[in-house]
Each structure stands twice: as structure tokens, then as C-alpha cells.
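Welcome! Take a moment to look over the sequence and the model below, and then we can walk through them together.

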Amino acid sequence: MSRLTLADCFDPDGERFGIPTYPWRYAPDDLATRRQLRKRGLRPGGQDVAAQILRPRRRREPLTAYLYRVDLARPVRPMTPARWAALAKANAARRRCPECGRDAGYVIPPTLGTCVTCAYPEKQRAA
């Protein structure tokens with residue numbers, strides 16, 4: 001994609017990009033991003049993307065944010081005790097080292113795959 005200007009990002013009819021497109025901070029009030037919906041206690045609820053926002057950048061591709069209709073958004077589902085328990089169990093599994101089996105006390109980095117002690121045993125002996 002060629003370099004976009006702020007004026008190039010204004011396409012409310014969707015002729016250029018296929019869906020209505022607005023410049024950064026110029027979207028209508030009846031559209032919101034996922035984060036904005038969540039802040040209001042809503043979720044997209046299975047609806048398709050209604051529009052997008054483009055923010056031009058100097059050296060890279062423009063930033064894109066997808067917008068959803070607020071009137072079609074549904075309330076966020078409440079967390080039940082079972083969902084809280086499942087989330088706690090999943091987070092505990094992310095802290096458990098598969099090599100030594102101990103709780104590392106932090107989320108194990110996926111790049112290492114094990115706790116730091118198991119990933120760098122020679123450095124632990126030297127310290």
C-alpha cells in the first residue's frame with residue numbers, strides 16, 4: 001500500500017477499501033472498537049465489522065482499528081464461579097515448569113518453554 005495521507009483515509013462509502021473507512025479520531029459515535037465496547041460493558045456479539053479506522057504512519061503500513069455498531073452490541077457475559085476456577089487453573093498451568101514441575105511464580109516465557117532456572121542451569125550454578 002502506498003503512503004496514505006489523512007485525507008486518503010476518509011472513505012465513508014467504502015468505495016476505496018470495501019468497507020467504510022475513517023481517519024483516526026473521526027469515526028461516528030455509533031461505532032466503537034472492541035476496547036471501547038468493553039469499556040461500556042459490551043461485546044460485538046457475533047456481528048461483522050461495520051467500518052475501520054486508518055491512522056497513517058510515516059515509515060510503515062497504517063494502523064487499522066475495526067469498528068462495530070454499538071446498537072447491535074451485546075452485554076458482556078458475567079464471570080461465573082466455574083469460569084473463574086477455569087481461568088485460575090489455566091494461569092497456574094502457565095506458571096508450572098514442564099521440566100522440573102515447580103511453580104515458577106511467574107508466567108513461563110513461551111520462548112524458553114521452561115523456567116529460567118531450567119533454561120540456564122550453568123548460570124544458576126555460577127551465582
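## A pairing to start from

L31 has R69 of strand 5 as its bridge partner. One position along, A32 stands opposite Y68, again in strand 5. This is a predicted model, so treat these pairings as part of a prediction.

Two bridges join strand 2 to strand 5, and these strands run antiparallel. Strand 5 covers residues 63-69, while strand 2 covers residues 31-32.

## The sheet around strand 5

In what order do the strands of the open sheet lie? The order is 1-4-5-2, with four strands and mixed pairing. Strand 1 (21-23) and strand 2 sit at the edges, each pairing on one side only. As a general rule, the strands of a sheet pair through backbone hydrogen bonds, either parallel or antiparallel.

Strand 5 also meets strand 4, which is made of residues 51-55. Five bridges join strand 4 to strand 5, and the two run antiparallel. If you would like a place to look there, find Q52, which stands opposite Y66 in strand 5.

## A loop residue worth a look

Between strand 1 and strand 2 runs a loop that contains R25. R25 is not a glycine, yet its phi is positive, at about 70°. Is R25 buried or exposed? R25 is exposed, with a relative accessible area of 76%.

## Stepping back to the whole chain

Now for the wider view. The chain has four helices and six strands. Following the sequence, you meet them in the pattern β-β-α-β-β-β-β-α-α-α.

How does the chain's radius of gyration set against that of a compact globule? For 127 residues, such a globule would have a value near 14 Å, but the chain has 22 Å. The C-alpha trace spans about 65 × 40 × 20 Å along its principal axes.

## Surface, contacts and charge

Of the chain's 127 residues, 23% count as buried. The chain exposes about 9600 Å², and carbon and sulfur atoms supply 52% of that area.

Among contacts in the chain with a separation of 6 or more, 45% come from residues 24 or more positions apart. As for charge, the chain carries 25 positive and 12 negative charges. The mean positions of these two groups are 11 Å apart.

How values were computed. Residues numbered from 1 in each chain as written. Predicted model: local features only at pLDDT ≥ 70, side-chain atom pairs only at ≥ 80, totals over all residues. Heavy atoms only, no water. Rg over C-alpha atoms; globule rule 2.2 N^0.38 Å. Buried < 20%, exposed > 50% of the residue type's maximum accessible area, 1.4 Å probe, protein only. Contact = heavy atoms within 4.5 Å. Areas by Shrake-Rupley, 256 points an atom, 1.4 Å probe, with all protein chains shown as cover. Lys, Arg positive; Asp, Glu negative; His and termini not counted. Charge placed at Lys NZ, Arg CZ, Asp CG, Glu CD. Pairing = 2+ DSSP bridges.
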